[in-house]
Each structure stands twice: as structure tokens, then as C-alpha cells.
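Grab a coffee and work through these short exercises with the structure open beside you. Each one sets a task and then walks through a solution.

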Amino acid sequence: MFVTVILVICAYLLGSIPSAVWIGKKFYATDVREHGSRNAGATNTLRVLGPKAALPVFAMDVAKGFAAVQLFRLSPLATTGWEFYVQLALVLAVVTGHIFPVFAGFRGGKGVATIAGSVLAVYPPAVLLCLLTFVIMLAITSYVSLSSMTAGVLFPIYTRFVFGVHYLPLIIFGCVVALLLIWTHRKNIGRLLSGTESKIRIVRKKEAGA
């Protein structure tokens, strides 16, 4: 149990790596938390600094989520039938680290990419379908927040009804992920309802006369 607690702490520290903050300050002399939506995530990095900065931020955030969950293999509980619960604890730890990073004054991002990386380590098939859902929703609405929440809410539904998984802990885990995404996007929900949420165009319209 002691080793598992240490691994959970390590997962939190992994999540606390503020890729958006470090890349923004190191290469662009900009703290993305002072601009745009003021979140330290790939979406705000894209909005503030552009795709060249956002791509490595996204990759690092996904990677730290995936790596954190893989720590469960080092836990003595990983071979006792408790592996799923160890993984769940590591997911919650790494996402908490991303949202409240100790290395960046506890001001982080919403954790979408980190959640994606974490869940990818737990159950890849449904995550890939969620990624497709995200891309389709983004192409239709141009709202990253709405696309992220839609993909997250559909994760437990895909797991149960598309892939036919009956393992209750995994279904519960999916519901927790969906609720976590909704909670971290609660301000975005308010802006969506008021029509003030910002959009990101992945396909730019041609200018008149072009």
C-alpha cells in the first residue's frame, strides 16, 4: 500500500508538469495563463501562441497522462485484482496535478489532453472513437469545449453499448471521467449558454473574391 501511495504522488507530480507554461515562457516569453482563456492547456496555447507551440503542449499533456497510469505496473496491488482501482487513483492524481500543478502555482488547465492520455492507457478502443467524435464535433461547431464534453460524456456510452463491456468498475470510471470534464468546463458551459464562448476554426473560410 505504501508503494501505491508513492506512485499516486508521482502521478500527481507528472500531472503538475506545466508544459504550456514552460514552453510559452521558454520559447515565446509568454505566460499563456495571462492571455485568452487564461488556462494552461493546448487549446489556449493554440489560441495565444499558435499551432507550433500547441502541438508539443498537447503531446506532452497526453504523454504524461498515459505515463502516469502505466505506473500501476509498479504497484504491488497490480497483481492482486486491484489493478483497475490503482489505475483509477493514478488517473485522478495526474489530472489533479494538471489542474492544480505544484510547479506552476496551482494554476493549470482543464485536463482534457491529460484525461485522454490517461483513459487511453486504461481502455484504448473507446478513446479512439471519442477522438473521432471530438474531431467531428469540432468541425461542426468550432467549439473545443463542447467537443471535449461531448466526447467525454460518450465515453461510458461507447464502452457499454458499442464495445459491449459489462465490467461495472470501467463503466463507473467512464462516468467519473465524463463528470470531471463537465466540472472543469463549467465556466465554458455558462459561456456556451450565453453565446460568448470563443471558437477555433480548423477550416478557415475563403475570403470574398479569393
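**Exercise 1.** Decide whether V5 is buried, partly exposed or exposed.

*Solution.* One thing to keep in mind from the start: this is a predicted model.
- Start with the value: the relative accessible area of V5 is 42%.
- Now the cut-offs: buried means under 20%, and exposed means over 50%.
- V5 is therefore partly exposed.
- To place V5, look in helix α1. V5 sits 9.6 Å from V86, C-alpha to C-alpha, although their positions lie 81 residues apart in sequence.

**Exercise 2.** Work out how α4 and α6 are oriented to each other, and which residues make their contact.

*Solution.* Two packed helices are described by the angle between their axes and the distance between the axes.
- The axes of α4 and α6 come within 7 Å and cross at roughly 40 degrees.
- Roughly parallel would need an angle under 35 degrees, and roughly perpendicular runs from 65 to 115. So α4 and α6 are oblique to each other.
- The handedness of this α4 and α6 crossing is right-handed.
- On the α4 side, the contact uses F58, D61, V62, K64, G65, F66, V69 and Q70. On the α6 side, A113, T114, G117, S118, L120, A121 and V122 take part.
- Sorted by class, the contact of α4 with α6 has eight nonpolar, five polar and two charged residues.

**Exercise 3.** Do the same for α3 and α4.

*Solution.*
- Helix α3 covers residues 42–49, and its axis comes within 7 Å of that of α4, crossing at roughly 170 degrees.
- Angles over 145 degrees count as roughly antiparallel, so α3 is roughly antiparallel to α4.
- From α3, A42, T45, L46 and L49 meet P51, A53, A54, V57, F58 and D61 of α4.
- The class tally for α3 with α4 is eight nonpolar, one polar and one charged.

**Exercise 4.** Find the largest nonpolar core and say which helix gives the largest share of it.

*Solution.* In soluble globular proteins, nonpolar side chains tend to be buried together.
- The largest nonpolar core here has 32 residues. Those with the most contacts inside this core are A11, L90, V119, V122, F155, L170 and F173.
- Helices α1, α4, α5, α6, α7, α8 and α9 each supply at least two residues of the core.
- The largest share, eight residues, comes from α5.
- Zoom in on F155: leaving aside neighbours within four places in sequence, F155 is in contact with V119, Y123, A126, V127, C130, F173 and G174.
- There's also a second, separate core of nine residues, including A20, V32, A42 and L49.

Definitions and conventions: Residues are numbered from 1 along each chain as its sequence is written. This is a predicted model: local features need pLDDT of at least 70, side-chain atom pairs count only at pLDDT 80 or more; totals for chains, interfaces and linings use all residues. Side-chain values use heavy atoms; hydrogens and water are left out. A nonpolar core is a set of buried Ala, Val, Leu, Ile, Met, Phe, Trp, Tyr and Cys residues joined through side-chain atoms within 4.5 Å. Buried means under 20% relative accessible area, exposed over 50%, partly exposed in between (1.4 Å probe, protein chains only). Helices (H or I, at least four residues) and strands (E, at least two) are DSSP runs, numbered from the N terminus. Contact means heavy atoms within 4.5 Å. Axes are lines fitted to C-alpha atoms, for helices over the stretch in contact, and angles run from 0 to 180 degrees between N-to-C directions. A crossing is left-handed if the near helix is turned anticlockwise from the far one by less than a right angle, and right-handed if clockwise. Ala, Val, Leu, Ile, Met, Phe, Trp, Tyr, Cys and Pro count as nonpolar, Asp, Glu, Lys and Arg as charged, and the others, Gly among them, as polar.
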